[in-house]
Amino acid sequence: MNYILSKPGGGNGAIVVVGGAKEAIYSQPNSQVLHLKEKKGFIKVAIQNGAQLVPVFTFGETEVILQVNNSEGTLLRKLQEKFLAVTGYAPVLLFGRGIFQYSYGLLPIRRPLTTVVGAPIPVTQKMNPSQEEIDLLHSIYVDELLKLFYSHRDKYTGSDMQLIVS
């Protein structure tokens with residue numbers, strides 16, 4: 001990522017999808033849990049390169065591929081969390097629709113996905129940012145992401161879905 005962002009002349013962008021395996025096991029319809037509080041490496045790279053941060057959110061992602069019920073306290077969730085702790089990966093039991101029928105299968109369910117893009121957050125370049133500078137920019141990013149979500153939620157979810165950042 002540093003290579004892309006540090007090319008002379010600028011004009012390059014990098015997309016980072018934060019979250020990962022921990023978010024996958026929490027993915028359920030009408031629910032949105034982002035594991036973002038401990039993800040700060042992308043903030044540090046943005047500061048080191050003076051790259052603007054742009055909050056982006058896609059509505060509908062938890063509706064296109066479903067997983068077997070793995071509510072808190074179920075045996076499946078306990079196994080997923082144990083596997084995640086040991087390997088850094090959490091297996092999920094996914095299902096969607098089939099080719100000729102919609103009851104079961106592995107194809108995504110036909111639901112609209114809408115991506116909204118927020119205003120760029122200006123970043124001042126500094127090669128060795130302090131932890132306080134990283135934390136401050138991270139909190140600004142999370143606040144802007146939450147504002148983006150709540151300003152578009154009613155339009156694209158039709159529900160009272162909450163965005164939980166942990």
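F57 is buried, and F59 is buried as well. That makes a handy place to start looking around this model, which is a predicted one. The rings of F57 and F59 pair up edge-to-face, with 4.8 Å from centre to centre and 65 degrees between the planes. They also have company: F57, F59, F149, Y150 and Y156 make up one aromatic cluster.

## The overall picture

Let's step back for a moment. The protein has six helices and six strands. Starting at the N terminus, the elements come in the order α-α-β-α-β-α-β-α-β-β-α-β. Measured out along the principal axes, the C-alpha atoms fill a box of roughly 50 × 40 × 30 Å. The chain holds 166 residues, and 33% of them count as buried.

As for the outside, the accessible surface is about 10400 Å², and carbon and sulfur atoms contribute 58% of it. On the contact side, take the pairs with a separation of 6 or more: 69% of those contacts are between residues 24 or more positions apart.

## Rings that meet

How many aromatic pairs does a search of the whole structure find? There are seven. One of them joins F42 and Y141: the ring centres are 5.3 Å apart and the planes stand at 75 degrees, so this pair is edge-to-face. F42 belongs to helix 3 (residues 41-49) and Y141 to helix 6 (residues 131-157), so the pair ties together parts that sit 99 residues apart in sequence. Both partners are tucked away: F42 is buried at a relative accessible area of 12%, and Y141 is buried at 9%.

## Helix 3 and its surroundings

F42 is a good guide to helix 3. Seven of the nine residues in this helix are buried, so the rest of the structure largely encloses it. Which residues of helix 3 are the buried ones? They are F42, I43, V45, A46, I47, Q48 and N49. These buried residues pack against helix 1 (2-5) and helix 6. Just past the end of helix 3 comes G50, which takes a positive phi of about 65 degrees.

## Charged partners

Now for the salt bridges. The count for this model is six. Three of them are set out here, including the distance between the N and O atoms.

| Salt bridge | N to O distance |
|---|---|
| K40 and D135 | 2.8 Å |
| R77 and E72 | 2.9 Å |
| E144 and K147 | 3.0 Å |

Start with K40 and D135. K40 sits in the loop between strand 1 (32-34) and helix 3, while D135 is in helix 6, so their salt bridge ties together parts that are 95 residues apart in sequence. K40 is partly exposed, with a relative accessible area of 25%. D135 is partly exposed too, at 30%.

The next pair has a contrast built in. Are R77 and E72 buried or exposed? R77 is buried, with a relative accessible area of 5%, whereas E72 is exposed at 58%. The link goes further, as E72, R77 and E81 are joined in a network of salt bridges. R77 has an aromatic neighbour as well: its charged end sits over the ring of Y26, 4.5 Å from the ring centre.

That leaves E144 and K147. These two are three residues apart in helix 6, which means that about one helical turn separates them. E144 counts as partly exposed, at 26% relative accessibility. K147 counts as exposed, at 51%; the cut-off for that label is over 50%.

## Back to helix 6

Helix 6 keeps turning up along the way. Y141 in helix 6 pairs with F42 of helix 3, and D135 in helix 6 meets K40 from the loop between strand 1 and helix 3. The buried residues of helix 3 also pack against helix 6. Helix 6 holds E144 and K147 too.

Note on methods:
Residues numbered from 1 in each chain as written. Predicted model: local features only at pLDDT ≥ 70, side-chain atom pairs only at ≥ 80, totals over all residues. Heavy atoms only, no water. Phe/Tyr/Trp six-rings, centres within 6.5 Å; stacked < 30°, edge-to-face > 60°. Helix = DSSP H or I, 4+ residues; strand = E, 2+ residues; numbered from the N terminus. Buried < 20%, exposed > 50% of the residue type's maximum accessible area, 1.4 Å probe, protein only. Lys NZ or Arg CZ within 6 Å of the ring centre and 35° of its normal. Contact = heavy atoms within 4.5 Å. Salt bridge = Lys/Arg side-chain N within 4 Å of Asp/Glu carboxyl O. Areas by Shrake-Rupley, 256 points an atom, 1.4 Å probe, with all protein chains shown as cover.
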